[in-house]
Amino acid sequence: MSDRGWIGLLLVAVGLAAVPALVGIFDFNSFYLVFLSGILFWTAQSTSWNILSGYSGYFSFGQGAFYGVGVYSMAVFFGRHGVDWLAATVIGGLLSMLLALAIGTIAFRLRSLRGEIFALLTLAVPFILAAVVRLSDTIDGGQGIVVPVPEYPEFLGSFQTFFFVVSAVVGVLSLAVAFVMERTRYGWALFAIRDDEAVAEGLGVPTFKHKMISIAANGLIGGVSGAVLALNLGFVSVEGTFNLRVPLFVIVMSVLGGRNHWAGPMIGAVYIHTLQNRLADSGFDGWSLIVLGVILVLLVLLAPEGLMARFGRRPWAVGGVFAATLIGLGSWGGWGQPVDWLAVALGTAALVAFLPGRRGGEVAAGRRAHHAPEIFEELPSPVEVGRPLVIADEAAKDFGGVHALRGVSATISQGELVGLVGPNGSGKTTLVNLISGALPPTSGTLTLDGNDLVGMPQHRIAHLGIARTYQIPRPFHSLTVRDNVAIAIMFGRDPHGLEVARDAADEFLSLVGLDHLSDQLPGQVNLHERQLLEMARAMATRPIVLLLDEALAGLNPVEVDNAVAVVRRIHESGVAIVFVEHVLRVVNQLATRIVVLDQGEVLAEGEPDLVMSDPAVITAYLGKEGHARSQ
Amino acid sequence: MSQLQATIFGALSGSLFAVMALGLSVVWGFLKIINLAHFGMILIGAYLTFELASTTGIDPIITVVIGAIAMFLFGAIVQAGFERWRVSEFNSLLISYGLLIITVQVVSNVWTADFQRMDSSVNPYAAQSLALGPLRFPLPTLIAAGFAVILVVGAKLILERTYSGRALQAFGQDRDIAGAFGIDHTKLGILLAGAAGATAAIGGMLHSLGESLHPDAPFEWVGRVFAIVILGGIGNVTGTLYAGLLVGGISGLTAAVWSPSASPFVVFSMVVLALVFRPTGLFPSKTGH
């Protein structure tokens with residue numbers, strides 16, 4: 001995939017570089033330069049939007065704010081004060097990036113409703129900016145600002161050529177940023193955040209940092225692109241800048257083209273800009289918002305994955321029909337202009353892409369092997385119990401008035417396999433949440449190897465060596481089984497690139513016996529396999545303490561035996577394990593030590609056999625009657 | 001005295017925004033849908049009042065009956081569509097955004113993009129005001145405040161006293177469990193979305209009594225209305241009214257002592273602070289929203 005991607009990006013860049021040369025050779029008039037510059041502007045805007053909202057899932061209605069900061073930076077610094085246009089462009093990008101970081105600092109720190117609040121915040125910001133710009137005489141004051149034509153190198157000939165070249169540079173740079181992100185940790189952190197932010201953080205992804213990087217890139221590119229566009233506007237006004245055009249168009253373009261591919265927003269920009277241009281030319285200006293609204297609604301209902309994904313399914317047919325239509329209409333020459341031919345060719349290409357297919361995509365799922373992972377029959381080699389790793393001292397957690405944990409003191413040492421048992425509601429999962437840093441304790445301390453864990457960001461705790469699984473598996477649904485594990489390797493203690501991580505991922509998958517399912521999506525594998533994936537993913541962070549939260553829940557007896565064998569293997573590799581479980585048979589068999597929780601307190605702890613015959617434990621589990629009967 | 005006047009007048013104006021926010025908040029809280037098309041429904045409601053009152057001479061307040069029925073259908077049909085195509089929460093946001101821009105453009109094509117207001121001959125309320133001691137208040141604002149109280153009290157009673165209301169609360173808290181107890185969420189959701197649409201029409205009518213209309217108005221309401229929804233607590237009907245009065249009062253006071261241009265800053269800073277310190281709203285309700 002990466003090889004073909006490079007060819008695509010290179011083709012776009014080379015094609016654009018050839019355009020100015022065409023001006024001289026053919027009679028390539030300025031209409032087409034303006035037209036292409038428009039596409040490039042929208043490519044930069046929608047790609048920058050997609051870097052945040054498409055990749056990370058944080059939906060922004062505020063692209064107009066970044067664009068507007070760029071436009072007004074050019075207008076004020078270059079137009080009013082005569083600062084060099086290139087410097088004004090840089091200033092515009094930086095100011096817009098600062099705004100983006102400010103928005104991120106507020107919205108990304110929230111614990112609940114982050115996504116919704118972020119969307120609403122971005123909806124409000126452009127209107128507040130518009131008020132500031134309109135009222136401040138040092139910026140605009142409501143009069144508008146004239147932006148003169150800048151000086152440009154003479155060899156470019158006309159201003160339109162100059163503007164095209166600048167737009168092309170910004171457009172291609174924005175594509176390159178998206179392209180590189182998609183192939184590096186920067187993009188993959190965002191994909192993980194989009195699928196399940198809490199899990200990503202727990203695996204060691206510094207989610208806040210990556211969201212800030214992504215919104216900064218969004219702001220920077222949006223601002224630079226806005227500043228450049230201002231050069232072509234001539235006159236800048238509040239009404240013309242802070243309206244819905246930009247925020248709306250970037251959303252429609254990205255949804256149309258596809259949010260999961262670097263070229264998706266560009267494809268959307270080509271389609272929407274061409275459509276807009278033809279609608280305006282035919283005198284349907286008043287209809288363009290209606291058409292866009294209808295396209296948005298229909299797309300979300302019918303093809304939420306976008307055109308790029310459809311093109312990818314039959315690239316040759318789509319490309320062939322597009323070229324044939326364009327060349328056919330061009331050589332016939334009896335109707336319209338090249339831009340009309342382009343519009344028709346784009347339309348037919350989209351039609352071909354949407355033709356019902358031969359279910360080609362489903363074959364992969366049917367091919368999947370159904371043999372169960374083999375069961376390990378090796379006997380456990382005794383693992384020495386070493387120094388203490390996790391020490392909880394009077395750790396307590398309240399939820400409102402509910403005391404989920406009332407001061408629990410416990411130690412997990414090297415080489416141990418601690419069974420954490422107790423009735424429902426006794427605080428087992430809460431204790432796991434405290435140790436892994438998913439929740440802060442209300443009082444008490446937690447340390448790992450002497451490091452204070454309280455208040456430490458969860459991804460740091462993961463880097464120190466604590467990993468966990470979830471009772472109900474929470475895989476990243478849009479990533480393959482292999483990439484689920486690769487994420488954990490990419491963001492581990494010593495970070496790796498995508499390709500290295502993918503290779504290494506297979507080792508962890510074979511540790512749990514899932515290597516035959518590497519290319520499946522999590523939705524295609526069964527519960528047992530998803531639970532094994534949880535373990536492989538946790539192991540890929542190279543933990544020293546692994547917290548397994550009811551890893552056997554809902555499994556049949558054969559699957560339980562298999563999962564137990566996997567847990568043993570992990571234990572033998574030197575990882576201390578905390579094993580939350582209801583099935584006492586398994587706990588007895590596996591654990592080197594048992595801790596019993598009841599109503600948020602430690603009821604008993606010690607050797608499995610001793611603890612399990614403790615009258616208090618039996619009472620807690622079976623009630624008084626059960627206690628009496630067992631005697 | 002002028003500051004007191006400005007604060008109370010602002011609070012009363014805020015109650016109009018509380019009416020606009022009410023349906024949005026309830027649909028977000030109970031159906032988990034952020035329905036941006038709600039603003040389009042308010043806009044249509046306002047223009048329907050304008051059109052009916054101007055052409056037929058009916059009292060503008062009476063015209064709301066037609067607007068409310070029309071917007072009930074609008075809201076119910078959109079919700080039925082969401083159910084029919086099993087639209088995810090996130091996609092419903094996108095679709096309602098698409099519907100909003102379609103609405104704005106259609107209104108602009110039908111009624112032009114110019115500012116318009118009802119002639120004083122058909123709108124007897126606009127020019128009148130009521131004196132309360134030394135303070136004077138325009139009649140449209142007082143009418144809006146009256147409607148706000150009636151709607152909020154009515155909504156509270158329906159949600160707490162009727163089977164449908166309680167079922168909706170259960171549904172808002174946990175869909176799966178509520179479904180397991182036999183609550184027909186599809187029908188209830190459509191009814192609720194319809195009712196929210198009707199309140200949007202009322203909001204539009206109240207807006208048209210005192211203000212000029214133009215098609216881009218929804219984008220001017222968005223910030224303040226969402227501020228009220230968030231400050232009041234999502235899905236909390238009485239909180240919405242209190243938040244409306246608070247936001248309006250503070251806007252009015254800020255405008256009087258500082259500058260009208262400063263009021264968005266003050267309101268917006270309040271929202272940010274509220275989000276950080278009280279993410280469930282300033283006025284927690286007993287029902288736990």
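Begin by selecting strand β3 (residues 388-399) of chain A together with strand β4 (residues 402-413) of the same chain, which pair in the antiparallel sense over nine bridges. What you have open is a predicted model, and everything pointed out on this tour is to be read in that light.

Stay with this pair for a moment and pick out V390(A), which stands opposite I412(A) in β4(A). Then move to the turn, where the hairpin of β3(A) and β4(A) has two residues between the strands and G400(A) takes a positive phi near 60°. To find another partner of β3(A), add strand β6 (residues 443-448) of chain A to the selection: five bridges join β6(A) to β3(A), and the two run antiparallel. Within this pairing, the bridge partner of A392(A) is L446(A), which belongs to β6(A).

Next, keep I412(A) in view and select R593(A), which lies 181 residues away from I412(A) in sequence but 9.6 Å away in space, C-alpha to C-alpha. R593(A) is found in strand β11, which covers residues 593-598 of chain A. Is R593(A) buried or exposed? With 19 other C-beta atoms within 10 Å, R593(A) is partly exposed, because the count for a buried residue begins at 20 and that for an exposed one ends at 12. If its neighbours within four places in sequence are left aside, the residues in contact with R593(A) are E416(A), V418(A), E605(A), G606(A) and E607(A).

Now show the whole of β11(A) with its partners. Strand β5 (residues 417-421) of chain A runs parallel to β11(A) and is joined to it by four bridges, while strand β12 (residues 601-606) of chain A runs antiparallel to β11(A) and is joined to it by five. A useful residue to label here is V596(A), for it stands opposite V421(A) of β5(A) and also opposite A604(A) in β12(A). The hairpin of β11(A) and β12(A) has two residues between the strands, and in it Q599(A) takes a positive phi near 50°.

Zoom out to the whole of chain A, whose secondary structure comes to 25 helices and 12 strands. Its C-alpha atoms fill a box of roughly 100 × 60 × 40 Å, taken along the principal axes. Of the 631 residues in chain A, 47% count as buried, and among its contacts between residues at least 6 apart in sequence, 73% join residues at least 24 apart.

From here, turn to the place where the two chains touch, a contact that takes 27 residues from chain A and 22 residues from chain B. On the side of chain B, the elements that give two or more residues are α4 (89-111), α9 (217-232) and α11 (263-277), and the largest share, 10 residues, comes from α4(B). By class, this side of chain B has 16 nonpolar residues, six polar ones and no charged ones.

For the last stop, keep α9(B) selected and add helix α1 (residues 2-31) of chain B. The axes of the two helices come within 9 Å and cross at roughly 60°, so α1(B) and α9(B) are oblique to each other, and their crossing is right-handed. Where they meet, α1(B) brings F17(B), A18(B), M20(B), A21(B), L24(B), S25(B) and W28(B), and α9(B) brings W221(B), R224(B), V225(B), I228(B), V229(B) and G232(B). The residues of this contact divide into 10 nonpolar, two polar and one charged.

Methods:
Residues numbered from 1 in each chain as written. Chains lettered and ligands numbered in written order. Predicted model: local features only at pLDDT ≥ 70, side-chain atom pairs only at ≥ 80, totals over all residues. Contact = placed C-beta atoms within 7 Å. Nonpolar A, V, L, I, M, F, W, Y, C, P; charged D, E, K, R; others polar. Axes fitted to C-alpha atoms, helices over the stretch in contact; angles between N-to-C directions. Parallel < 35°, antiparallel > 145°, perpendicular 65-115°, else oblique. Left-handed = near helix turned anticlockwise from the far one by under 90°. Pairing = 2+ DSSP bridges.
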